[in-house]
Amino acid sequence: MIKSLKKRFLYKKSFFLSLFWRIENANIIYQMQSSAIFPLFYLPPVGYFSNLKAFEQDFLIEKEEHFVKQTYRNRATVYSPNGPLDLIVPVMKGAKVHTKMKDIRISNDFNWQRLHWKSLESCYRNSAYFEYYEDEFYRFYEQRFEYLYDYNIEIMQWLLKQLKKNVTLDHTTEYLSGVDDELDFRMKLSAKRLNLNQDLKPYFQVFDDRGGFIPNLSIVDLLFNQGPQSKLYI
C-alpha cells in the first residue's frame, strides 16, 4: 500500500514538473515572438539606438542566429580625417559558414585592438569628449576576449550606461523565424538601409568641415562629440 502511494506521488510530481516546464517554455517562446529582436553589433551605429528607443523595456538580443558576414556584427564605421573608416573585428577562419553568433571566436593573430585604438585616437583625440570616456573605454582594447558575442555584449552594456539607459539585456534562447517584420531588426540595420534612420538629428563632428555631416556612424562618434548630451540625439 505504501509503495503504491509513493509511486502515485512520484508520478504526479513528475507529471506536474513536466507540465510546469512545458508552460514555462511556451511562455519563453511567446515572449520571444512578441518582443522586438535586435542583432548584437560591435560599436553599433547611432540608428541602432534610435530604433531601440521604442522597445527599451521589451526587446531581446539575438544570440542564436548564424553569423552574418559584412555587417555591423563585427565592424563599425567612424569618421576619419579622410572620411568614413570601417573598423573590423577579425574572426577565426571558418566562422563565416553556418556558425552561430554566440560561437564566433575572435582572431587575435595580429594586434587588431591596438590598430582600432590608434584609429579611434586619430579620429577623435581632438573631439570634445574623447578624454572624458578614454580611461573606461580603453579596456576594450587592452583586455582580450575569446568570443565576439561576449566582447560585443560588454561594450553594449557600457554604451547603454553612458547613454543613461537603464535596461536589461536579455537574449534569445533559440532562433525564431517568421517574427513580425515590425519587431524583427536582425537584417534591417545595415549600411544599405539608412532609410530607417532618416530622423537622426545632425550634430557637430570633428571633420565635418572637410566632408560635411555623415549620418549613422558608430555611436562612439556621437559620444565623443556630444558626451552626456548624446541621449538628446537619439
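Reader: Let's start with H7. Which residues of H7 are buried?

Author: This is a predicted model, so read everything here as computed from that model. In H7, the buried residues are Ile219, Val220, Asp221, Leu222, Leu223, Phe224, Asn225 and Gln226. That makes eight of its eight residues, so the helix is mostly covered, given that buried means under 20% relative accessible area.

Reader: What do the buried residues of H7 pack against?

Author: A general idea about helices first. An α-helix has 3.6 residues a turn, so residues three or four places apart point the same way. Now the case here: the buried residues of H7 pack against helix H2 (46–52), strand E3 (75–80), helix H3 (112–124), helix H4 (130–137) and H5.

Reader: Let's take H5. At what angle do H5 and H7 pack, and how far apart are their axes?

Author: In general, two packed helices are described by the angle between their axes and the distance between the axes. For helix H5 (residues 148–162) and helix H7 (residues 219–226), the angle is about 35° and the axes are 12 Å apart.

Reader: Is the crossing of H5 and H7 left-handed or right-handed?

Author: Left-handed. You can find the meeting place by looking for Trp158, Leu159 and Gln162 on the H5 side, and Ile219, Val220 and Leu223 on the H7 side. Sorted by class, that contact has five nonpolar residues, one polar and no charged ones.

Reader: What comes right after H7?

Author: Gly227 follows H7, and its phi is positive, near 60°.

Reader: Which residues other than glycine have a positive phi?

Author: The background is this: most residues other than glycine have a negative phi, and most peptide bonds are trans. Two cases to look at here are Leu43, with phi near 45°, and Asn216, with phi near 60°.

Reader: Where do Leu43 and Asn216 lie?

Author: Leu43 sits in the loop between strand E1 (36–38) and H2. Asn216 is in the loop between H6 and H7.

Reader: Is Leu43 buried or exposed? And is Asn216 buried or exposed?

Author: Leu43 has a relative accessible area of 1%, so it is buried. Asn216 is at 8% relative accessibility, so Asn216 counts as buried too.

Reader: You mentioned H6. Which residue of H6 should I click on?

Author: Try Asp208, which is found in helix H6 (residues 208–211). With a relative accessible area of 25%, Asp208 is partly exposed.

Reader: Which residues is Asp208 in contact with, leaving aside its neighbours within four places in sequence?

Author: Tyr79, Tyr203 and Phe213. You can also check a distance: the C-alpha atoms of Asp208 and Gly83 are separated by 9.2 Å, with their positions 125 residues apart along the chain.

Reader: What about a residue in a strand?

Author: Ile61 is a good one to pick, in strand E2 (residues 59–61). Its relative accessible area is 0%, so Ile61 is buried. Leaving aside neighbours within four places in sequence, Ile61 is in contact with Phe38, Pro39, Leu40, Tyr48, Tyr149, Leu169, Asp170, His171 and Thr172. Ile61 and Ile153 are 92 residues apart in sequence and 9.2 Å apart in space, C-alpha to C-alpha.

Reader: On to empty space. How many cavities of 30 Å³ or more does a search of the whole structure find?

Author: Two. The largest cavity holds about 50 Å³ of space, and the second largest about 30 Å³.

Reader: Which residues line the largest cavity?

Author: Phe49, Leu52, Lys53, Glu56, Leu160, Lys165, Val167 and Ile234. By class, this lining divides into five nonpolar, no polar and three charged residues.

Reader: And which residues line the second largest cavity?

Author: Val46, Leu200, Lys201, Tyr203, Phe213, Pro215, Asn216 and Tyr233. This lining has six nonpolar, one polar and one charged residues. You've met Asn216 already, as the loop residue with phi near 60°.

Reader: Now let me zoom out. How many helices and strands does the protein have?

Author: Seven helices and four strands. From the N terminus on, the order is α-β-α-β-β-β-α-α-α-α-α. Buried residues make up 47% of the 234 residues. Among contacts between residues at least 6 apart in sequence, 70% join residues at least 24 apart.

Technical notes. Residues numbered from 1 in each chain as written. Predicted model: local features only at pLDDT ≥ 70, side-chain atom pairs only at ≥ 80, totals over all residues. Heavy atoms only, no water. Axes fitted to C-alpha atoms, helices over the stretch in contact; angles between N-to-C directions. Helix = DSSP H or I, 4+ residues; strand = E, 2+ residues; numbered from the N terminus. Left-handed = near helix turned anticlockwise from the far one by under 90°. Contact = heavy atoms within 4.5 Å. Nonpolar A, V, L, I, M, F, W, Y, C, P; charged D, E, K, R; others polar. 1 Å grid on protein atoms, 1.4 Å probe; cavity = no way out; pocket = protein on both sides within 12 Å on 5 of 7 lines; lining within 4 Å. Points joined across faces, edges and corners; volume = space filled by probe spheres on them. Buried < 20%, exposed > 50% of the residue type's maximum accessible area, 1.4 Å probe, protein only.
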